[in-house]
Amino acid sequence: MDGGASYNPRTVEEVFRDFKGRRAAMIKALTTDVEEFYKRCDPEKENLCLYGYPSEQWEVNLPAEEVPPELPEPALGINFARDGMQEKDWLSLVAVHSDTWLLAVAFYFGARFGFDKADRKRLFSMINDLPTIFEVVTGVAKKQTKEKSSVSNHSSNKSKSNSKRGSESQPKYPKAVVAKDEGEDGMEEEDDEEHGETLCGACGENYAADEFWICCDICEKWFHGKCVKITPARAEHIKQYKCPSCSNKRARP
């Protein structure tokens, strides 16, 4: 097990990067590499675990020998249940345990390096924006993506229309900046409260009133203009903005 055990991410962004790498590896094992993964989980062998590494590589191996281990350990003995249930059910079970392990590792780093309440909240928010391994393996993620676009558009119509009906171009600007220009102090304070905990869907940083932001009309996430390469001038001519993630989803057959 040499998949970066000595690597210790110390910031929220580094831990999230670590999480995404391990998650990608385990999804790969349970989807595109599933035949190889199935072969390696021989029930005749001892307790085996599925490991995902930040390098996006996966491995089926025996658990760490040291006690306590350097990192939380994934579920033991996933190979023993392989032949006792249908393959899709077995893969779903491994996926659930993999999700649990990923969260354990991420918040282990958080605890070890002293993340405060705000850091933990931001880390969980970033993690929670991604589908779980279970959702990907079982196909739930695809269904949720379709349902979310229709449900979120319907449920957020009121709040979204309230901010956009006043002026079609203003929602793409930081409201606090517009409020200062127009001398509407009350509107500025209200906006600061509304967006104070908003995170950029690309970089994960907090909302700042002095920066240009734009909202995706599909997934309802906010982004720094610089993160998605949209300028205020360009935003003036966009009737319906789709973030890079939503644009890619729509483009796929």
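These are my notebook entries on what I looked up in a predicted model of one protein.

**Entry 1, overall counts.** I began with the whole chain, and I found twelve helices and four strands in the protein. Of its 253 residues, 39% count as buried, and the protein exposes about 14,900 Å², of which carbon and sulfur atoms supply 50%. I then looked at sequence separation in the contacts: taking those between residues at least 6 apart in sequence, I noted that 61% join residues at least 24 apart.

**Entry 2, α1 against α4.** I looked up how helix α1, residues 12–30, sits against helix α4, residues 117–128, and noted an angle of about 30 degrees with the axes 10 Å apart. Because angles under 35 degrees count as roughly parallel, I entered α1 as roughly parallel to α4. The crossing of these two helices, α1 and α4, is right-handed. On the α1 side, the contact is made by Val12, Glu13, Val15, Phe16 and Phe19, and on the α4 side by Asp119, Arg122, Leu123, Met126 and Ile127. Sorting the contact of α1 with α4 by class, I recorded seven nonpolar residues, three charged ones and no polar ones.

**Entry 3, α3 against α4.** I next turned to helix α3, residues 87–112, which packs with α4 at an angle of about 150 degrees, the axes being 11 Å apart. Since angles over 145 degrees count as roughly antiparallel, I put α3 down as roughly antiparallel to α4. The crossing of α3 and α4 is right-handed. Leu103, Ala106 and Phe107 of α3 make the contact with Arg120, Leu123, Phe124 and Ile127 of α4. By class, I noted six nonpolar residues and one charged residue in the contact of α3 with α4, with no polar residue. Going back over the lists, I marked Leu123 and Ile127 of α4, which appear in the contact with α1 and also in the contact with α3.

**Entry 4, backbone features.** I looked up the peptide bond between Val67 and Pro68, and I recorded it as cis, with omega about -5 degrees. Pro68 lies in the loop between β2, residues 58–61, and α3. I then checked positive phi values outside glycine, and I noted Glu56, whose phi is about 70 degrees. Glu56 is placed in the loop between β1, residues 49–52, and β2, and with a relative accessible area of 45% Glu56 is partly exposed. Lys229 is also a residue other than glycine with a positive phi, here near 60 degrees. I located Lys229 in the loop between α10, residues 225–228, and α11, residues 232–235, and at 71% relative accessibility I entered Lys229 as exposed.

**Entry 5, surroundings of Leu50.** My last entry concerns Leu50, which I found in strand β1. Leu50 has a relative accessible area of 3% and is therefore buried, the cut-off for that being under 20%. Leaving aside residues up to four places away in sequence, I listed what Leu50 touches: Met26, Ala29, Leu30, Phe37, Trp58, Glu59, Val60, Pro74, Ile78, Val94 and Ser98. I looked further at one of these, Ile78, which stands 28 residues from Leu50 along the chain while the C-alpha atoms of the two are separated by 7.8 Å.

Key:
Residues numbered from 1 in each chain as written. Predicted model: local features only at pLDDT ≥ 70, side-chain atom pairs only at ≥ 80, totals over all residues. Heavy atoms only, no water. Axes fitted to C-alpha atoms, helices over the stretch in contact; angles between N-to-C directions. Parallel < 35°, antiparallel > 145°, perpendicular 65-115°, else oblique. Left-handed = near helix turned anticlockwise from the far one by under 90°. Contact = heavy atoms within 4.5 Å. Nonpolar A, V, L, I, M, F, W, Y, C, P; charged D, E, K, R; others polar. Buried < 20%, exposed > 50% of the residue type's maximum accessible area, 1.4 Å probe, protein only. Areas by Shrake-Rupley, 256 points an atom, 1.4 Å probe, with all protein chains shown as cover.
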